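Biologist: I would like a close look at a single part of this model, with the cut-offs stated as you go. Please take the surroundings of that part into account as well.

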2 protein chains.
Amino acid sequence: MKLTEKQQALIERIGVFQEKTGMQPVAGRIIGLLYVSDKPELTFDEIREVLGISKSATSNALNLLQHLNRLDYITFSGDRKRYFRLKLDRWRELVLQEIDSITNFSDTLQEVVAERTKSTPEYNRNILDVADFLKYLHKELPMLLQQWEEQRK
Amino acid sequence: MKLTEKQQALIERIGVFQEKTGMQPVAGRIIGLLYVSDKPELTFDEIREVLGISKSATSNALNLLQHLNRLDYITFSGDRKRYFRLKLDRWRELVLQEIDSITNFSDTLQEVVAERTKSTPEYNRNILDVADFLKYLHKELPMLLQQWEEQRK
DNA sequence: CTGTTAGTTCCTAATTTTGAGAACTAAATA
DNA sequence: TATTTAGTTCTCAAAATTAGGAACTAACAG
């Protein structure tokens with residue numbers, strides 16, 4: 001499999017974006033590759049070769065991405081290879097999952113305020129506002145998703 | 001300034017959370033400290049001492065946080081010290097800023113689809129859906145903030 | 001039962017990140 | 001002018017992350 005300059009550049013950009021959100025470099029590039037590649041399902045060796053990385057790096061990154069719910073693979077009988085693909089059809093779940101983890105922070109903030117001196121009411125109010133908005137976001141996001149589904153038509 | 005066990009634990013939790021979003025460890029702990037500390041404004045040396053970190057680490061982290069729009073300082077005439085504080089009253093801007101950067105990814109995804117083969121329409125549709133939802137989120141978030149302001153009362 | 005293939009694991013080296021310490025600067029004070 | 005203070009910058013070492021290579025495993029193929 002060969003990639004155009006443009007495709008390689010896009011993979012790099014996606015990779016760097018993913019890195020900034022805390023993803024390991026190789027894992028970020030694998031995500032980029034699967035976005036860009038004409039075949040949306042690639043084998044272990046195709047990924048390894050086209051990105052020029054070792055088997056261990058490939059194996060570790062693929063397993064990480066599966067744990068993070070970003071990847072999947074399909075198989076075909078009579079073919080021992082796994083065909084890895086992004087779980088793109090399930091991106092809605094991923095969005096909700098992402099908000100969940102942000103919302104956990106909200107609980108910590110409430111604990112913080114419970115622990116804080118009462119002599120800084122304005123400051124405490126600001127913290128509670130952040131916490132409350134995160135909870136609101138968490139509650140409203142599914143509805144926003146629904147609204148989006150409708151206006152999309 | 002002395003911290004209780006509970007306060008220290010909260011600082012650590014906030015620090016770790018921040019680290020997971022890509023923040024440097026010391027910077028994450030400074031954020032934690034400023035959330036938890038009874039005094040919401042702390043001097044360079046108070047921060048350095050209570051976290052047990054070096055001047056260079058303190059200086060670098062404080063500057064980083066200011067660039068990221070998370071921190072601020074106030075001064076008092078006749079006192080050369082800076083009093084650092086979280087820009088908590090401006091958290092709304094930070095939320096919008098955060099979404100901006102996610103939305104940039106949306107543009108990349110549209111470029112990806114422009115570059116992709118037309119022979120995988122379902123896959124391409126999924127990518128465009130993600131891109132479009134990110135744009136929708138970007139557009140709707142200010143309104144969501146407004147709605148939250150109202151129902152908060 | 002031997003060989004091959006697909007992928008994993010272990011060990012290690014290279015790279016990157018992080019933060020300490022000391023030297024430094026600029027402003028205020030004595 | 002000399003000194004102190006508040007914070008910065010530079011250099012370097014420790015620690016963590018990342019990824020390569022080789023040995024390994026499990027499943028199937030001949």
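How do the residues of the surface near DNA strand D divide into nonpolar, polar and charged?

Modeller: This is a predicted model, in which local features need pLDDT of at least 70 and side-chain atom pairs count only at pLDDT 80 or more, while totals for chains, interfaces and linings use all residues. Residues are numbered from 1 along each chain as its sequence is written, chains are lettered from A and ligands numbered from 1 in the order in which they are written, and side-chain values use heavy atoms, with hydrogens and water left out.

The surface near DNA strand D comprises 5 nonpolar, 6 polar and 5 charged residues, where Ala, Val, Leu, Ile, Met, Phe, Trp, Tyr, Cys and Pro count as nonpolar, Asp, Glu, Lys and Arg as charged, and the others, Gly among them, as polar. In total 16 residues surround this strand, the closest being Ser54(A), Ser56(A), Lys55(B), Ser59(B) and Arg80(B); a residue is near a strand if one of its heavy atoms lies within 4 Å of it. Of the atoms of DNA strand D within 4 Å of the protein, 55% are part of sugar or phosphate, and the rest are part of bases.

Individual contacts reach both kinds of atom, and a polar contact here is a pair of N or O atoms within 3.5 Å; within protein, one must be able to donate a hydrogen and the other to accept it, and residues adjacent in sequence count only if both atoms are side-chain atoms. The side chain of Arg80(A) places an N or O atom 2.8 Å from a base nitrogen of DNA strand D. On the phosphate side, a polar side-chain atom of Lys81(B) is 3.2 Å from a phosphate oxygen of the strand, and Arg82(B) brings a backbone N or O atom to 2.8 Å from a phosphate oxygen. The elements that give two or more residues to this surface are helix H2 (25-36) and helix H4 (55-67) of chain A, together with helix H4 (55-67) and strand S3 (79-86) of chain B; helices (H or I, at least four residues) and strands (E, at least two) are DSSP runs, numbered from the N terminus. The largest share, 4 residues, comes from H4(B).

DNA strand C gives a useful counterpart. It is surrounded by 16 residues, of which the closest are Lys55(A), Ser59(A), Arg80(A), Arg82(A) and Ser54(B), and sugar and phosphate make up 58% of its atoms that come within 4 Å of the protein. Arg80(A) appears again, with a side-chain N or O atom 2.2 Å from a base oxygen of DNA strand C. From chain B, the side chain of Ser56(B) has an N or O atom 2.8 Å from a base nitrogen of this strand, whereas a polar backbone atom of Ser54(B) is 2.6 Å from a phosphate oxygen. H4 and S3 of chain A, with helix H2 (25-36) and H4 of chain B, each supply at least two residues of the surface near DNA strand C, and H4(A) gives the most, with 4 residues. The residues of this surface divide into 5 nonpolar, 6 polar and 5 charged.

Strand S3 also takes part in a sheet, which in chain B is open, has 3 strands in the order S1-S3-S2 and is paired antiparallel; two strands pair if DSSP finds at least two bridges between them. S2(B) and S3(B) are joined by 5 bridges, and Leu71(B) has Leu86(B) as its bridge partner in S3(B). In chain A, 5 bridges join strand S2 (residues 71-76) to S3(A) in the antiparallel sense, with Asp72(A) opposite Arg85(A). The hairpin of S2(A) and S3(A) has 2 residues between the strands, and Gly78(A) takes a positive phi near 85° there.

Both chains contribute to the two DNA surfaces, and they also meet each other. Their contact (heavy atoms within 4.5 Å) takes 46 residues from chain A and 46 residues from chain B. Between chain A and chain B there are 6 salt bridges, each a side-chain nitrogen of Lys or Arg within 4 Å of a carboxyl oxygen of Asp or Glu; Arg13(A) forms a salt bridge with Glu111(B), the closest N and O atoms being 2.8 Å apart.
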